[in-house]
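Biologist: Could you walk me through this model, one question at a time? I work at the bench, so please explain your terms as we go.

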Amino acid sequence: MTALHEPVVTTTPADLSVWPASTTEPRPGGLAVGGVPLAEAADRFGTPVYVLDESEVRERCRTYRHAFPDAEVLYAAKAFLCRAMVHWTEEEGLGLDVCSAGELELAVTTGFPPERIVLHGNAKSPRDLETALRLGVGRIVIDSPSEIARLAAAVGPDGHQRVMVRVVPGISAGGHEKIRTGTDDQKFGLSIADGYAQHAIARILDQPQLELTGLHCHLGSQITSVKPYLAAVRRMVGLMARLHEQHGLVLPELDLGGGHGIAYRPGEAALDLTALARRVRAELSDACAAAGLPVPRLIIEPGRAIVGPAGIAVYRVLAVKKTGDHTFVAVDGGMSDNPRPALYGVRYAPRLIGRASAAPTAPVTVVGRHCEAGDVLAADVELPSDLRPGDLLAVPVAGAYHLSMASGYNLVGRPPVTAVRDGHARLLVRRESLDDIRRRDVGL
């Protein structure tokens, strides 16, 4: 098993293996997701547009709950968040992991129980902490020594707040150096190696209004091997054993974060979730038995693996241009709605939709409309050689870190998000308009 589940398609599996399970091709070139033809969604909502398969999101939530029946599964909201996403995760029994007052307030005002929310952040603002305490967030993950005194003072001598400590286990894992967060050379967490984690924990224990419930670590993103998680379990349990020896402390929770890798193109590796669940449980049980500790409750924080494969970005071709040996296909979006290729070198597999083509394929580079040479959405991909302005291109695996990282570059406005299910499409997040942009510009 190399993915959460194998999609059901009406063409060859290799063609649509990274698309949502509901993807069909009722007619050549006419892809539909959730029973909604993508070309119709583009005509109705305009382009660029994000299309999100609600059933795929829900099924992936259930897959995690079934794989980790005894664990607490928190959806990592930074991957993508809107009110509908909050509602879906709550209905499917997941908690939430948020990184700001904005994410937290959106979740709680949508009706999500605050006690099932965990607040992260390497540099939490006073507003972040005040909002978390005011709304009654379940746990706050302490990421630096200075947060201990600030949080204790904000809670007050008669207050109470459950906290965890983010620990750096000294493990390198992840698909790109910019998304590896388990080593000592980055901004997150407190190191085991230099004793900062142990020192911070001792300080927390001196604050009676702060209840330390467990340890937290996050190794990075786009991890496709189980081995780094097993190494993290061993190191975290080793620290828990030392804390028990020094302080008589028995921590009831262990959060291993997320970072579960997915395939962006056919043939790419994805994290084997079934193997991860089985081997992490066994490793945790064995390590705790060897240390003479009870097994803590496991917490995991998938984000990308839940929402990423459920999303499709649809663009309209504006121009096709040959320059030397290169063919550039320019679309009406780009790095303002998907900065990931520029940031991390991520590669996608766009597809012509809306019409069939009998033309042979040729290598092209799909570029955006922005005034940057680095505004490239997909380099050297095979697409029909008869591509022309007005055609539609769909990019699968676009549900995570697209809208959440979108910018206002060139004032083009962020795209809308639509949900599809059972043949119906509805708007979740409307397109950012020029009026929205003008309203924020209040001075002359």
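Modeller: Gladly! Buried means under 20% relative accessible area, exposed means over 50%, and partly exposed lies in between (1.4 Å probe, protein chains only). This is a predicted model, in which local features need pLDDT of at least 70 and side-chain atom pairs count only at pLDDT 80 or more, while totals for chains, interfaces and linings use all residues. Residues are numbered from 1 along each chain as its sequence is written, and side-chain values use heavy atoms, with hydrogens and water left out.

Biologist: Let's start with the salt bridges. How many does a search of the whole structure find?

Modeller: A salt bridge is a side-chain nitrogen of Lys or Arg within 4 Å of a carboxyl oxygen of Asp or Glu. Some of them join up: E54, R58, E59, R62, E91, E92, R421, D422 and R426 belong to a network. Searching the whole structure gives a total of 28.

Biologist: Which residue forms a salt bridge with R234?

Modeller: R234 is partly exposed because its relative accessibility is 44%. Its partner is buried, at 19% relative accessible area. In this pair the closest N and O atoms are 3.3 Å apart, and the partner of R234 is E283.

Biologist: How many residues apart are E283 and R234?

Modeller: Helices here are DSSP runs (H or I, at least four residues), as are strands (E, at least two), numbered from the N terminus. The salt bridge of E283 with R234 links distant parts of the chain, with E283 in helix α10 (residues 273-291) and R234 in helix α9. Along the sequence, their separation is 49 residues.

Biologist: E105 and R134 also meet in a salt bridge. Which helix holds R134?

Modeller: The side chains of E105 and R134 come to 3.2 Å, N to O. Both are partly exposed, E105 at 23% and R134 at 48%. This pair, too, links distant parts of the chain: E105 sits in helix α5 (residues 101-110), whereas R134 belongs to helix α6 (residues 126-135).

Biologist: D97 is buried yet has no salt bridge. Which side chain of opposite charge is nearest?

Modeller: D97 is found in strand β6 (residues 95-98). For charge, Lys and Arg count as positive and Asp and Glu as negative, with His and the chain ends not counted. At 6.6 Å away, the nearest side chain of opposite charge is K78.

Biologist: Which helix gives the most to the largest nonpolar core?

Modeller: A nonpolar core is a set of buried Ala, Val, Leu, Ile, Met, Phe, Trp, Tyr and Cys residues joined through side-chain atoms within 4.5 Å. The largest one has 133 residues, and F68 and L215 touch the most other members. With 10 residues in this core, the top contributor is helix α9 (residues 227-247).

Biologist: How many residues are in the second, separate core?

Modeller: L74, V141, M164 and I299 are among its members. M164 is also one of the contacts (heavy atoms within 4.5 Å) of L215, leaving aside neighbours within four places in sequence. The second core is separate, and its residues number five.

Biologist: Next, the open sheet of three strands. What is its strand order?

Modeller: Two strands pair if DSSP finds at least two bridges between them. Strand β1 (residues 24-27) and β2 run antiparallel, joined by two bridges, and β2 pairs with strand β3 (residues 36-37) in the antiparallel sense, again over two bridges. β1 and β3 are the edges, each with a single partner strand, so one side of each lacks a neighbour in the sheet. The order is therefore β1-β2-β3.

Biologist: In the hairpin of β2 and β3, which residue takes a positive phi near 60°?

Modeller: Strand β2 (residues 30-33) points G30 and A32 one way and L31 and V33 the other, all of them buried. The hairpin of β1 and β2 has two residues between its strands, and G29 in that turn has a positive phi of about 85°. In the hairpin of β2 and β3, also with two residues between the strands, the residue is G34.

Biologist: Lastly, is T365 buried or exposed?

Modeller: T365 lies in strand β17 (residues 361-367). Beyond four places in sequence, the residues it touches include T327, F328, V329 and V376. Because its relative accessibility is 7%, T365 counts as buried.
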